[in-house]
Amino acid sequence: SFKMASDSPESLMTLCTDYCLRNLEGTLCYLLDNETLRLHPDIFLPSEICDKLVNEYVELVKTDSIFEPHESFFTLFSDPRSTRLARIHLREQIVQDQDLEAIRKQDLVELYLTNCEKLTAKSLQTLVSFSHTLISLSLFGCCNIFYEEENPGGCEDDCLVNPTRQVLVKDFTFEGFSRLRFLNLGRLIEGVNVETLLRPLASLAALDLSGIQLNDVGFLTQWKDSLVSLVLYNMDLSEEHIQVIAQLRKLRHLDISRDHLSSYYKFKLTRRVLNLFVENLVNLTSLDISGHTMLENCTIPSMEEKMGQTSIEPAKSSIAPFRGLKRPLQFLGLFETSLCRLTHIPAYKVSGDKNEEQVLNAIEAYTEHRPEITSRAINLLFDIARIERCSQLLRALQLVITALKCHKDDKNIQVTGSAALFYLTNSEYRMEQSVKLRRQVIQVVLNGMEAYQEVTVQRNCCLTLCNFSIPEELEFQYRRVNELLLNILNQSRQDESIQRIAVHLCNALVCQVDNDHKEAVGKMGFVMTMLKLIQKKLADKTCDQVMEFSWSALWNITDETPDNCEMFLNYSGMKLFLECLKEFPEKQELHRNMLGLLGNVAEVKELRPQLMTSQFISVFSNLLESKADGIEVSYNACGVLSHIMFDGPEAWGICEPHREEVVKRMWAAIQSWDINSRRNINYRSFEPILRLLPQGISPVSQHWATWALYNLVSVYPDKYCPLLIKEGGIPLLKDMIKMASARQETKEMAR
């Protein structure tokens, strides 16, 4: 009943449903007294739409952290005259007693309650309201639905009390549920008498008793003419159980599989048992015996087994008892049994651990109700994706995404699933994936990061994000992804490798994005976080990738973003700059990143006075002679000084060094650079450079700006010629050539 991740475009119905749920007030509802949602009086919706609204709502609450649940959501469906419900699937903590109570007047045909642990015996009474219409009911994992608060008058004789002083309800039965055909009681609480509970049901077609221990299942024979599906997963079987099953001759689907790790089972499968099933259950199309130990050898001699083409014909079956089948089974569950490795298996679909097909079949079959098995199957898929190549990539991805969504709180699935995603999204598979599917991967990865502070999950998720084009592919979750990464980087104890990947991602996210994005990320504490990381590294006297990426990220986030530049200064960024320069005099990459960032700060007129100290100006002047990273450090130092010079002699509020002396050193530096230098820098806009052209106050700043433009348009003409024209650089250059104050060599270059 869970929704499989899909790769095709969403239907208009789904898009509208999603829109309405995210904007209930603006579409279907209004707010009464500022708190209660009410349906507009002129709205009448059929069950096709209402079912989808409810089921999608549950899905959104479960898988979308930004989506806010509404206290009164279920009350919108309290009146069947305006909203009709027929088939709804509710899961986990999302649903409470009052929610079911709110929809009790609806004529429900199908109600799936999966792991709804908040439901109590009050909801059993609500179920009675649906008794005359209900055909399918699942109470899988609703572990408290048979408990009620202990009545104040003391406990009656016939009740068991569990430690929280709650009483097991013993008198509820399915009396009056005249149309009920499909029932799932998986993981039902101990102490409920299943036989009494079910006796009133006239003709059951499907029954799931997963995880329930019953020594006597003789009562099942009362439905021997109607029961077509029986699931006894993890029930410890005995000879009596087998004899009863053999009488249920109408069975088409039988599942007696088990989790071989969960506990000790006395029961072992034998050739005789399988023969009994084949002879008596002639309609069988699906059988699951996963996890069972075979007591004796059921296979045919190995010489015969290896012969000929792989066949699903019963006559050639490698499993001897299945030679008696009339036709191949549609499904045969052999996960974690030795039988799945045989050559001739008489079934169209087999779950097992032999190859990719069997493993994917296992994930598909067990995801919803058996996470303990699913996580082991995903682990096998992880090995296949890592060592070999996945041949059913799309299906593998969809199954892993679905499992991660379905079991957001299951640590094993989050660990194995996130690891598998890393291999399934890497570059060799890139071409086969649609935007929609890749977005779903990002969503589940972020869900995992949100729910688990655990190192393995965090590392797997961060590594998986590295498989995407950043920032483009993460743009649709921009705020959220930044918040999660900053959260990782702000933790007091950090795993080195995660820290490195997270800083790398942060840097990539603020590179080449719009200024409003940068401002938003700045407000989240990005600048502070990077400076703290730098501070830590300085204290350890290490200049590693984290140190370099942190400065690079600050360079990117301050680009044409004055607020972030100001934050850098306010949080003692300049002090760290000087300390890093002193501690790591040989680190060229570091120097380049730091000066790139200071270039951004110097572009902001209001902040330049803070750079106007003897110490800073001396440092910038000395860096003019630096040969670090080609011309980059010298170029950026000259850029910083060009903006400072542009404020004129009256802004030069220091005695040492003299302004003229610094100007002279700037001219010398610019003349020493090779005009054809290839560059380690990326301009999104020339605006900060162009503003240095139409002025006569600082000819050296004008010259630096002209040199910068000349170098960029001659070395990278395809990229920068259009930018220069688009931003109005041509008339500015023409006007400058006419200026008397401009130096001759500047005019030559401008020409």
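Let's start with one helix in this predicted model. Helix α12 covers residues 411-424, which makes 14 residues. At 1.5 Å a residue, those 14 residues should span 20 Å, and the end C-alpha atoms of α12 are indeed 20 Å apart, so the expected span and the model agree.

How is the N-terminal end of α12 capped? D410 does the job: one of its side-chain oxygens lies 3.1 Å from the backbone nitrogen of N412.

Plenty of α12 is tucked away from the surface. The buried residues are I413, Q414, T416, G417, S418, A419, A420, L421 and L424. And what covers them? Here are helices that are part of that cover.

| Helix covering buried residues of α12 | Residues |
|---|---|
| α10 | 371-387 |
| α11 | 393-406 |
| α13 | 435-451 |
| α14 | 455-465 |

Now zoom out to the whole protein. Its secondary structure comes to 30 helices and 15 strands. The radius of gyration is 35 Å, well over the 27 Å that the globule rule gives for 751 residues, so the protein is more spread out than a compact globule. If you boxed up its C-alpha atoms along the principal axes, you'd need roughly 105 × 75 × 45 Å.

Buried residues still make up 56% of the 751 in the protein. Looking at contacts between residues at least 6 apart in sequence, 68% of them join residues at least 24 apart. As for the outside, the accessible surface comes to about 32900 Å², and carbon and sulfur atoms account for 51% of that.

Conventions:
Residues numbered from 1 in each chain as written. Predicted model: local features only at pLDDT ≥ 70, side-chain atom pairs only at ≥ 80, totals over all residues. Heavy atoms only, no water. Helix = DSSP H or I, 4+ residues; strand = E, 2+ residues; numbered from the N terminus. Expected span 1.5 Å × (residues − 1). Buried < 20%, exposed > 50% of the residue type's maximum accessible area, 1.4 Å probe, protein only. Contact = heavy atoms within 4.5 Å. Polar contact = N/O pair within 3.5 Å; in protein donor to acceptor, adjacent residues only side chain to side chain. Rg over C-alpha atoms; globule rule 2.2 N^0.38 Å. Areas by Shrake-Rupley, 256 points an atom, 1.4 Å probe, with all protein chains shown as cover.
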